[in-house]
Amino acid sequence: MVLSYNYCDWLLQVRLYTAKKLYHQLEQARTEFIQANVMVKKQTIFLPKVLHFYAKDAALELPDLIDMVCESMPELQQKKIKQYLRRRVDKCVEWLPYKSSFRYTVHRSLAE
């Protein structure tokens, strides 16, 4: 069993994973996190600072990180991101500050 969490503004989701379909469940969690936290506005891609730390730990360059993010975004936003990437990648990315405040929400069935 694997314990994972998603950080979204003020909500921390705790998920329990089992060995069955683990890879699929983790991919789905990554996609949900990216879609909830990445914004594309005015020719700028806003990425949460936690992705910057992930890229450093995984030895990913910024273009590789943007490709990973792009794969998880809806089709319309994928097209926008690809348009923005025609310019220099570092010119169209802004990092959102890391927010360390959160609350736990525990589903009633887990609390019993």
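This passage walks through the fold, the core, the surface and the charged pairs of one predicted protein model.

The model is predicted, so local features are reported at pLDDT of at least 70 and side-chain atom pairs at pLDDT 80 or more, while totals for chains, interfaces and linings use all residues. Residues are numbered from 1 along each chain as its sequence is written, and side-chain values use heavy atoms, with hydrogens and water left out.

A good place to start is the overall layout. The protein chain contains five helices and six strands. Here helices (H or I, at least four residues) and strands (E, at least two) are DSSP runs numbered from the N terminus. Read from the N terminus on, the elements follow the order β-β-α-β-β-α-α-α-β-β-α. The chain has 112 residues, and 28% of them are buried. In this account, buried stands for under 20% relative accessible area, exposed for over 50%, and partly exposed for values in between (1.4 Å probe, protein chains only). The areas themselves come from the Shrake-Rupley method with a 1.4 Å probe, and for residues only the protein chains shown count as cover.

From here the view turns to the interior. In soluble globular proteins, nonpolar side chains tend to be buried together. A nonpolar core is defined as a set of buried Ala, Val, Leu, Ile, Met, Phe, Trp, Tyr and Cys residues joined through side-chain atoms within 4.5 Å. The largest such core has 19 residues, and Val38, Ile45 and Leu47 are the members that touch the most others. At least two residues of this core come from each of helix 1 (22-37), strand 4 (44-48), helix 2 (49-57), helix 3 and helix 4 (75-84). Helix 3 is the biggest contributor, giving five residues to this core. Helix 3 also holds Met68, which counts as buried because its relative accessibility is 12%. The C-alpha atoms of Met68 and Ile34 lie 9.6 Å apart in space, with their positions 34 residues apart in sequence. Another pair that is distant in sequence involves Trp95, a residue of strand 5 (residues 93-96). Trp95 and Leu51 are 44 residues apart along the chain, and their C-alpha atoms are separated by 8.8 Å. With a relative accessible area of 31%, Trp95 is partly exposed.

The surface carries patches of two kinds. Patches are made of residues with over 30% relative accessible area and no salt bridge, with like charges joined within 9 Å and nonpolar side chains (Val, Leu, Ile, Met, Phe, Trp, Tyr) within 5 Å. Val50, Phe53 and Tyr98 make a nonpolar surface patch of about 280 Å². Within this patch, Val50 belongs to helix 2 and is partly exposed, at a relative accessible area of 33%. A negative surface patch is formed by Glu61, Asp64, Asp67 and Glu71. For charges, Lys and Arg count as positive and Asp and Glu as negative, while His and the chain ends are not counted. Each charge is placed at NZ of Lys, CZ of Arg, CG of Asp or CD of Glu. Asp67 sits in helix 3 (residues 62-72), and its 42% relative accessibility makes this residue partly exposed.

Charged side chains also meet in pairs. A salt bridge is a side-chain nitrogen of Lys or Arg within 4 Å of a carboxyl oxygen of Asp or Glu, and the structure holds two of them. One joins Glu27 to Arg30, with the closest N and O atoms 3.0 Å apart. Both residues lie in helix 1, three residues apart, or about one turn of the helix. Glu27 is partly exposed at 26% relative accessibility, and Arg30 is likewise partly exposed at 27%. Glu75 and Lys79 form a salt bridge whose closest N and O atoms are 3.8 Å apart. Because Glu75 and Lys79 are four residues apart in helix 4, about one helical turn separates them. Glu75 is exposed, with 55% relative accessibility.

Two loop residues deserve a look for their backbone angles. Lys42, in the loop between strand 3 (39-41) and strand 4, has a phi near 45°, a positive value in a residue other than glycine. Lys42 is exposed, at 79% relative accessibility. Ala59, in the loop between helix 2 and helix 3, is also a residue other than glycine with a positive phi, near 55°. At 66% relative accessibility, Ala59 counts as exposed.
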